[in-house]
Amino acid sequence: MQTMMEKFIDHFREALDAAEGKEIKMEDRFRDYEEWDSLRYLSVIAMIDSEYDVIIDTTDFRKIETVGGLMEEIRKRIKT
């Protein structure tokens, strides 16, 4: 069974439309990925909404720098 981190990385990789073998680490600055553009931003926002029922507004999203930071923001906002 996958951990939340493993599931998140799989979902993130899919939203990024990255190659299956692309290594994604929690400390990576996702805006530095060659795949990152405005379309990927929208895909990641949509993935977060559909998979985690979490909405992160643009202002808050801009403050997040790493893949791990994004996952932590989702964890804080998950409805329990």
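Me: Contact means heavy atoms within 4.5 Å. By that rule, which helices do the buried residues of H1 pack against?
Reply: They pack against H2 and H4. This is a predicted model, in which local features need pLDDT of at least 70 and side-chain atom pairs pLDDT 80 or more, while totals for chains, interfaces and linings use all residues. Residues are numbered from 1 along each chain as its sequence is written, and side-chain values use heavy atoms, without hydrogens and water.

Me: How do you know what span is expected of H1?
Reply: The expected span is 1.5 Å times one less than the number of residues. Helix H1 (a DSSP run of H or I, at least four residues, numbered from the N terminus) has 13 residues, and its 18 Å from first to last C-alpha is close to the expected 18 Å.

Me: Which residues of H1 are buried, and why are they said to line one face?
Reply: Phe8, Ile9, Phe12, Arg13, Ala15 and Leu16 are buried. Seen down the axis of H1, they fall within an arc of 160° (taken from the directions from the axis to the C-beta atoms), so they line one face.

Me: Why is Glu73 in helix H4 called buried?
Reply: Buried means under 20% relative accessible area, with exposed over 50% and partly exposed in between (1.4 Å probe, protein chains only). Glu73 has 14%, so Glu73 is buried.

Me: What makes the link between the side chains of Glu73 and Arg77 a polar contact?
Reply: The link is 2.6 Å, and the limit for a pair of N or O atoms is 3.5 Å, one able to donate a hydrogen and the other to accept it; residues adjacent in sequence count only if both atoms are side-chain atoms.

Conventions:
Helix = DSSP H or I, 4+ residues; strand = E, 2+ residues; numbered from the N terminus.
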